[in-house]
Amino acid sequence: MRVLGVDPGLTRCGLGVVDGGTGRTVTCVAVDVVRTPVDDTLERRLLAVSDAVEQWLDTYRPAAVAVERVFSQHNVRTAMGTAQAGGVVALAAARRGLPVVFHTPSEVKAAVTGSGRADKAQVTGMVTRLLGLAQAPRPADAADALALAICHLWRQPMRDRLAEAEARAAELARTHRARLAAAAKSANTVSRTAVTRLNTRTPGKGVRG
């Protein structure tokens, strides 16, 4: 399975494509960072991000897109820009019918390093090791994009199995409730029939002693 990981941002937007093989084998296909001028208008910066993502989707044809979710940032302006860039990515993927999954930073760190509190240096180091890269991807946005793709490849199958199990459990519950309702309805019908028969019996007739 091929996944495009995106670390959204306006100043720097990390893009990384990773192929998943048997087991937990992962291979880096491409990685880069899209930059937009800080003095440019918002719409032009978003357009630049959109154009780059569109080109990557057409070139590498991933089966899914993994985007970092804006979890919490003290700088509201930065958070808004990051969210807007993420929305542009999701829109581009939706146009191609590709599934988009948002992963929190802690989910990505835990998947790649085993700790949800790992710092950027640890994430970069593990990404470099897992993908067998000759040198660490720079800047950190590039490493984060690759980490997002790896996280998706490793976590999504488990999520899919969990969703399937929950769907089966919900279906079993619905079937059980339907059977209980049918049984209750049948019991009420039998009870009403019995009462009707008792009420319509001919007076005076009974069992001879």
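Me: Which residue just after H4 takes a positive phi?
Reply: In this predicted model, Gly132 follows directly after H4 and takes a positive phi of about 65°.

Me: How do you know that the length of helix H4 agrees with what should be expected?
Reply: Helix H4 covers residues 120-131, and at 1.5 Å a residue its 12 residues should span 16 Å. The C-alpha atoms at its ends are 16 Å apart, so the two values agree.

Me: What caps the N-terminal end of H4?
Reply: The cap is Asp119, which places a side-chain oxygen 3.2 Å from the backbone nitrogen of Ala121. The cut-off for a polar contact is 3.5 Å, and the pair of atoms in Asp119 and Ala121, at 3.2 Å, meets it.

Me: What makes the buried residues of H4 line one face of the helix?
Reply: The buried residues of H4 are Val123, Thr124, Val127, Thr128 and Leu131. Seen down the axis of H4, they fall within an arc of 130°, so they line one face. An α-helix has 3.6 residues a turn, so residues three or four places apart point the same way. The face of H4 that is turned away from the buried side carries Ala121 and Arg129, which are exposed.

Me: Why is the contact between Asp19 and Arg2 called a salt bridge?
Reply: The term asks for a side-chain nitrogen of Lys or Arg within 4 Å of a carboxyl oxygen of Asp or Glu, and the N to O distance between the side chains of Arg2 and Asp19 is 2.7 Å, so the pair qualifies. Asp19 lies in strand S2 (residues 12-20) and Arg2 in strand S1 (residues 2-7), 17 residues apart, and the pair links distant parts of the chain.

Me: Why is Asp19 called partly exposed?
Reply: Buried means under 20% relative accessible area and exposed means over 50%. Asp19 has 23%, so it falls in between, and Arg2, with 25%, is also partly exposed.

Me: Which parts of the chain does the salt bridge between Asp141 and Arg12 tie together?
Reply: The side chains of Asp141 and Arg12 meet in a salt bridge with an N to O distance of 2.8 Å. Asp141 lies in helix H5 (residues 140-199) and Arg12 in strand S2, so the pair ties together parts that are 129 residues apart in sequence.

Me: Is Asp141 buried or exposed, and how do you know?
Reply: Asp141 has 12% relative accessibility, and because the limit for buried is under 20%, it counts as buried. Its salt-bridge partner Arg12 has a relative accessible area of 38% and is partly exposed.

Me: How do you know that Asp7, Glu68 and Asp141 gather at one spot?
Reply: UniProt, in an unreviewed entry, lists Asp7, Glu68 and Asp141 for "active site". They span 135 residues in sequence, yet no two of their C-alpha atoms are more than 10.8 Å apart, so they gather at one spot. Asp7, found in strand S1, touches residues including Glu68 and Asp141.

Me: Why does Asp7 count as buried?
Reply: Asp7 has 6% relative accessibility, and because buried means under 20%, Asp7 counts as buried.

Me: How many salt bridges does the structure hold, and which residues are linked in a network?
Reply: The structure holds nine salt bridges, and Glu54, Asp58, Arg95 and Arg96 are linked in a network of them.

Definitions and conventions
Residues numbered from 1 in each chain as written. Predicted model: local features only at pLDDT ≥ 70, side-chain atom pairs only at ≥ 80, totals over all residues. Heavy atoms only, no water. Helix = DSSP H or I, 4+ residues; strand = E, 2+ residues; numbered from the N terminus. Buried < 20%, exposed > 50% of the residue type's maximum accessible area, 1.4 Å probe, protein only. UniProt positions renumbered as here; feature names shortened; annotations may be inferred. Contact = heavy atoms within 4.5 Å. Expected span 1.5 Å × (residues − 1). Arc of directions from axis to C-beta. Polar contact = N/O pair within 3.5 Å; in protein donor to acceptor, adjacent residues only side chain to side chain.
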